[in-house]
2 protein chains.
Amino acid sequence: MLQANADIDNSQTLTERQQAVLDAALRLLVEEGDNLTMTAVARRASCSKETLYKWFGDRDGLLTATVQWQASKVRVAPVDGKGLDLASLAASLERFASDWLRVISSDTSIALNRVAVGHAGSGKDNLGAVVLENGRFALAKRLKPVLEAGRQAGLLEFSDAEMAFRTFFGLVGRDVQIRLLLGDRLELTEAAIGGDAIRATQQFLALFGATNGRKASS
Amino acid sequence: MLQANADIDNSQTLTERQQAVLDAALRLLVEEGDNLTMTAVARRASCSKETLYKWFGDRDGLLTATVQWQASKVRVAPVDGKGLDLASLAASLERFASDWLRVISSDTSIALNRVAVGHAGSGKDNLGAVVLENGRFALAKRLKPVLEAGRQAGLLEFSDAEMAFRTFFGLVGRDVQIRLLLGDRLELTEAAIGGDAIRATQQFLALFGATNGRKASS
DNA sequence: GCCGAACCGTAACGTACGGTACGCTGTTGT
DNA sequence: ACAACAGCGTACCGTACGTTACGGTTCGGC
C-alpha cells in the first residue's frame with residue numbers, strides 16, 4: 001500500500017537467506033522495539049552474529065536494511081488512471097485514505113516509526129529520512145497525480161497541489177499517528193477505517209470540490 | 001501554551017535546586033536525545049549522581065520528572081470566555097492553532113516527544129501517556145469548551161465535539177509533527193505559523209460553520 | 001575423496017553506562 | 001563551637017551488549 005521507492009536498491013540485491021534474516025529482524029523489531037540485540041536477531045534468524053556483521057556492517061546497518069526491506073515489500077496499487085467523474089475520484093481518495101490508515105495503524109508501521117523517531121535525534125543513521133521517504137512523501141507522490149487529474153477534470157479547485165495534499169493528509173490522519181506512536185490504545189477496526197476514509201474524503205471535497213463555490217484555499 | 005494538568009504534582013513539591021537540576025536535564029535532553037547519561041546530567045547540573053538517584057529514584061524517574069516538569073512549566077492562557085461573535089471565535093481558534101504549532105515545532109517539544117515515542121514500546125515508564133495527557137488531550141480539554149460555546153451561539157454545527165476537535169487538530173497539524181519527529185528540516189517561521197493558523201481556522205469554519213449550509217459532519 | 005568458501009554456534013573481549021559507596025565541604029540548628 | 005546533615009566529586013562495581021575471533025559443519029567444484 002505504501003512506497004514509491006526508485007531510490008533504494010532493495011529486493012534484488014538480497015539473497016533469499018538475507019531476506020529471511022531481515023524478516024526475522026523485522027518481527028523482532030515489532031516485538032522488542034529498539035532494544036533488540038544482535039544476539040537475539042541472530043538467534044531468531046538462526047544465523048551467526050558473524051554473518052550479521054559481514055552482511056550488514058553493524059547494528060545501524062542491520063536496522064536500516066530492515067527498514068528498507070520492509071519499505072520495498074509494501075508495493076503500491078497503481079491507482080490506475082482517470083475515470084474523471086466525481087464518484088471515481090471520491091472512490092480513489094477513500095481508497096487512499098483507508099490504505100493509509102491501515103498502514104499507520106499496523107504493528108510494523110508503528111514499530112518502524114518508533115525506532116526511526118527515536119534515532120532521528122542523534123544523526124548516526126538516517127532511518128527517519130528513509131521512513132519519511134517511503135511514508136509521507138511516497139504517499140504524496142502517488143496522490144498528487146490524482147489530485148491534478150481531478151483539477152484537470154474540473155472536479156477540484158486548488159492553487160497548490162502540495163498544500164491540497166497536506167490538507168487531505170491532515171483530514172485523514174488527524175491525531176491517529178501521534179497517539180499510536182505515544183502508546184495510546186486506539187484499535188482501528190476495519191469499519192472505523194472505512195468510516196474515517198469516507199468522512200475525510202467528504203470533508204476534503206467540501207473544501208476543494210469545484211462544484212461548491214467556496215473560498216477554502218488560503 | 002500547553003497543559004491542563006491538575007493530575008501531576010509539579011512545581012510546588014520541588015525545591016529550587018531540584019527545578020534547576022531538571023532544567024539542566026531538560027536542556028541536555030534537547031541536545032542529546034535519549035542517549036543522555038546520568039553522569040552527563042550530573043555534570044551539567046553540577047550535582048552528584050548520588051543526589052540524582054536519591055531525588056528521582058532511577059533513570060526513568062529522572063526522565064518522567066523532567067517531562068512532567070516541562071509540562072508544568074507551560075501554562076495555558078485561559079482563553080477567557082465568550083465574545084460570541086464569529087470574529088472572536090475565529091480569533092480564538094487561530095490563537096489555539098498558532099500556539100499549538102509553536103509548541104510542536106519547538107525544540108523541547110520535539111525532543112520530549114521523541115523520547116516518549118521511543119519509550120512507548122517497552123512499557124517501563126509511561127512517558128507516552130504523560131506527553132499525550134499534557135499535549136493532545138490537554139489541548140482538547142481546553143478547546144472543546146470554545147467549540148461548545150460556538151455551537152451554543154449558533155456559530156458552529158457539529159454533533160460530536162470530540163470529532164470536531166480531531167478535525168481541527170488534523171487541519172492544524174497536518175504532517176508537521178510526524179515530519180519534525182522523523183528529523184525533517186522544516187523551519188516554521190512566525191509568519192508561516194500565522195498563515196497556517198488562519199488557513200486551518202478558515203477550513204474548519206468552512207466545514208463546521210453554521211452560516212453556510214453544508215453537510216460536512218459525517 | 002578433497003579444498004575452500006560460506007556459515008552456524010558460541011565463547012571471549014572491550015566498553016559504556018546504570019547504580020552504589022565513600023570522603024570531603026559548606027551550612028544549619030543548638 | 002560542634003554535631004548532624006545535605007550535597008558535591010569521584011572512584012568503583014556489575015552487567016548488558018556491540019563487536020570480534022575461533023572451531024566445527026555443510027556444500028559446490030575438481
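Biologist: How do the residues of the surface near DNA strand C divide into nonpolar, polar and charged?

Modeller: Five are nonpolar, four are polar and seven are charged. Ala, Val, Leu, Ile, Met, Phe, Trp, Tyr, Cys and Pro count as nonpolar; Asp, Glu, Lys and Arg count as charged; the others, Gly among them, count as polar. This is a predicted model: local features need pLDDT of at least 70, side-chain atom pairs count only at pLDDT 80 or more, and totals for chains, interfaces and linings use all residues. Side-chain values use heavy atoms, without hydrogens and water; residues are numbered from 1 along each chain as its sequence is written; chains are lettered from A and ligands numbered from 1 in the order in which they are written.

Biologist: Which residues that surround DNA strand C are the closest?

Modeller: Thr51(A), Lys49(B), Glu50(B), Tyr53(B) and Arg59(B), out of 16. A residue is near a strand if one of its heavy atoms lies within 4 Å of it. Of the strand C atoms within 4 Å of the protein, 55% belong to sugar or phosphate and the rest to bases.

Biologist: What makes Glu50(B) a polar contact of a base nitrogen of DNA strand C?

Modeller: A polar contact is a pair of N or O atoms within 3.5 Å; within protein, one must be able to donate a hydrogen and the other to accept it, and residues adjacent in sequence count only if both atoms are side-chain atoms. A polar side-chain atom of Glu50(B) lies 2.3 Å from a base nitrogen of DNA strand C, so the pair qualifies. Glu50(A) has such a pair with a base nitrogen of strand C at 3.3 Å. The side chain of Arg17(A) has an N or O atom 3.0 Å from a phosphate oxygen of strand C. The elements that give two or more residues to this surface are α3 (49-56) of chain A and α3 (49-56) of chain B. α3(A) gives the most, with four residues. Helices here are DSSP runs (H or I, at least four residues; strands are E, at least two), numbered from the N terminus.

Biologist: Which residues come nearest to DNA strand D?

Modeller: Lys49(A), Glu50(A), Tyr53(A), Arg59(A) and Arg17(B), of 15 around the strand. Sugar and phosphate account for 57% of the strand D atoms within 4 Å of the protein. A side-chain N or O atom of Glu50(A) is 2.5 Å from a base nitrogen of strand D. A backbone N or O atom of Ser48(B) lies 3.4 Å from a phosphate oxygen of strand D.

Biologist: Why does Cys47(A) count as buried?

Modeller: Buried means under 20% relative accessible area, exposed over 50%, partly exposed in between (1.4 Å probe, protein chains only). Cys47(A) is at 16%, so it is buried. Cys47(B) has 16% and is buried. The structure holds zero disulfides over all chains; that would take a pair of cysteine sulfur atoms within 2.5 Å.

Biologist: How do you know that the two copies are related as by a two-fold rotation axis?

Modeller: A turn of 180° and a shift of 0.0 Å along the axis lay chain B on chain A with an RMSD of 0.1 Å. The copies are therefore related as by a two-fold rotation axis. The superposition is by least squares on the C-alpha atoms of residues with pLDDT of at least 70 in both. In chain B, Gly170(B) comes closest to the axis, at 2.1 Å (C-alpha).

Biologist: Why do the copies meet through the same surface?

Modeller: Because 100% of the interface residues of chain B are also interface residues in chain A.

Conventions. Contact = heavy atoms within 4.5 Å.
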